[in-house]
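This report walks a new reader through one model, beginning with the sheet and moving on to the parts around it. Please keep the sequence and the structure in view while reading.

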Amino acid sequence: MGLSSSSDRERNSHLVNTTPLSQLSVTVLIPAYNEVDALPETVAAVLAHAHLLANLEIIVINDGSCDGTAEAAARLPVRVIHHETNHGYGASLKDGLREASHDWILIIDADGTYPIDQIPRLLEESHGYDMVVGARTGEIVQVPLLRRPAKWIITRLAEYLSQRKIPDLNSGLRLFRKDVAMRFFSLYPDGFSFTTTITLAMLTNRYRVKFLPINYLKRIGKSSIRPIHDFINFTLLIIRICAYFKPLNVFIPPSSLLIFLGFIKCAVDYHHQGHLGLLGVSLVLTGIQMLFIGLLADLVDQRMKM
């Protein structure tokens, strides 16, 4: 899947969504892994709050559940995609994207954490935007205490590298244009980092993204997130995506630091020993090499966008 170019965005800059809700076509993707207790209620709430849409399609992706989720989904008025084994959150959404029939995609978790009654707000705010994100910054946000430091660090890193304010990097409630999302399809991982990837991809490519504050409730059932493992993966992903789209933001700070430290070390060595030390010279040369790698990566990125 090819990535978007600046000319693509310029050609499409006037194509803002002015379609009223009564004429909007949306596919709702609900990934589900062992969500037998929450899934029926989630689907019923989606149907209740999206009934004004001209065309509504709900796709449940049963990701290798072993608790009766498959049987529960079969009784609901939805399309079902079955994974024989657990492939991951991102893999489920990618399969749903491939099968989606409509121009707009709404994703939501099946665990009852996201306020489904906010779906009409996201739909109404789609006018003029490529993606509308339900940012978990409302009055009630029940994020487990142990996850908050890691979430804060990851968000600050993403903001620093992308040079954009990001109220919620990986919210699982969002509405976006399918055609835009498919331009970055090859970048989406199979795990929980799908939402982080699409957020960074759209922001660093200057697509129109709006964040709406929403509440975030306590989940029904047990979470499958592994804090330490996922924190490391999120961090590496953020660096990789920003290096892909904004390479100078990734390479210039460490290269500048190495060159600065190298010059300081060289000055100290020359003052005390009368000659330049190997460590100082190595730091300067490494920093210069890193800087040129960043410039080369930025040149490649600019060529791809032409």
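## The sheet and strand β5

Strand β5, residues 131–135, pairs with β6 in the antiparallel sense, and three bridges join the two. The model is a predicted one, and the description below should be read with that in mind. Among the bridges to β6, Val133 has Arg174 as its partner, while Val132 is matched with Leu175. With β7, by contrast, β5 pairs in the parallel sense, over five bridges, and here the partner of Val133 is Phe211. Val133 therefore has a bridge partner in β6 as well as in β7, because strands of a sheet can pair with a neighbour on either side.Strands of a sheet pair through backbone hydrogen bonds, in either the parallel or the antiparallel sense.

The wider sheet is open and has seven strands, in the order β3-β2-β1-β4-β6-β5-β7, with mixed pairing. At its edges stand β3 (79–83) and β7, each with a single partner strand, so one side of each is left without a neighbour in the sheet. From one strand to the next, the twist averages 20°.

How many of the five residues of β5 are buried? Five of the five are, so β5 is largely enclosed by the rest of the structure. In a regular strand, the side chains alternate between the two faces of the sheet. Both faces of β5 are covered, with Met131, Val133 and Ala135 buried on one side and Val132 and Gly134 buried on the other.

## Helix α4 and the nonpolar cores

Helix α4, residues 89–99, is likewise largely enclosed by the rest of the structure, because eight of its 11 residues are buried. The buried residues in α4 are Tyr89, Gly90, Ala91, Ser92, Leu93, Lys94, Gly96 and Leu97.

Leu97 appears again in the largest nonpolar core, which has 43 residues and in which Leu97, Phe176, Phe184 and Met202 touch the most other members. Apart from that core lies another one, of 30 residues, including Val46, Tyr114, Val132 and Ile214. In soluble globular proteins, nonpolar side chains tend to be buried together.

## A pocket

The second largest pocket has a volume of about 170 Å³. Of the 11 residues that line this pocket, Glu41, Thr42, Gly112, Tyr114 and Ile116 are the closest to its centre. By kind, the lining divides into seven nonpolar, two polar and two charged residues. Tyr114, listed here among the lining residues, is also one of the members of the core of 30 residues.

## Two loop residues with positive phi

Most residues other than glycine have a negative phi. Gln163 has a positive phi, near 60°, and Arg206, which is not a glycine either, has a positive phi of about 60°. The table sets out where these residues lie and how accessible they are.

| Residue | Loop | Relative accessibility |
|---|---|---|
| Gln163 | between α6 (148–162) and β6 (174–177) | 55% |
| Arg206 | between α8 (194–204) and β7 (209–213) | 65% |

Gln163 counts as exposed because its relative accessibility is 55%, and Arg206 counts as exposed because its value is 65%.

Technical notes: Residues numbered from 1 in each chain as written. Predicted model: local features only at pLDDT ≥ 70, side-chain atom pairs only at ≥ 80, totals over all residues. Heavy atoms only, no water. Helix = DSSP H or I, 4+ residues; strand = E, 2+ residues; numbered from the N terminus. Buried < 20%, exposed > 50% of the residue type's maximum accessible area, 1.4 Å probe, protein only. Core = buried A, V, L, I, M, F, W, Y, C linked by side-chain atoms within 4.5 Å. 1 Å grid on protein atoms, 1.4 Å probe; cavity = no way out; pocket = protein on both sides within 12 Å on 5 of 7 lines; lining within 4 Å. Points joined across faces, edges and corners; volume = space filled by probe spheres on them. Nonpolar A, V, L, I, M, F, W, Y, C, P; charged D, E, K, R; others polar. Pairing = 2+ DSSP bridges. Axes fitted to C-alpha atoms, helices over the stretch in contact; angles between N-to-C directions.
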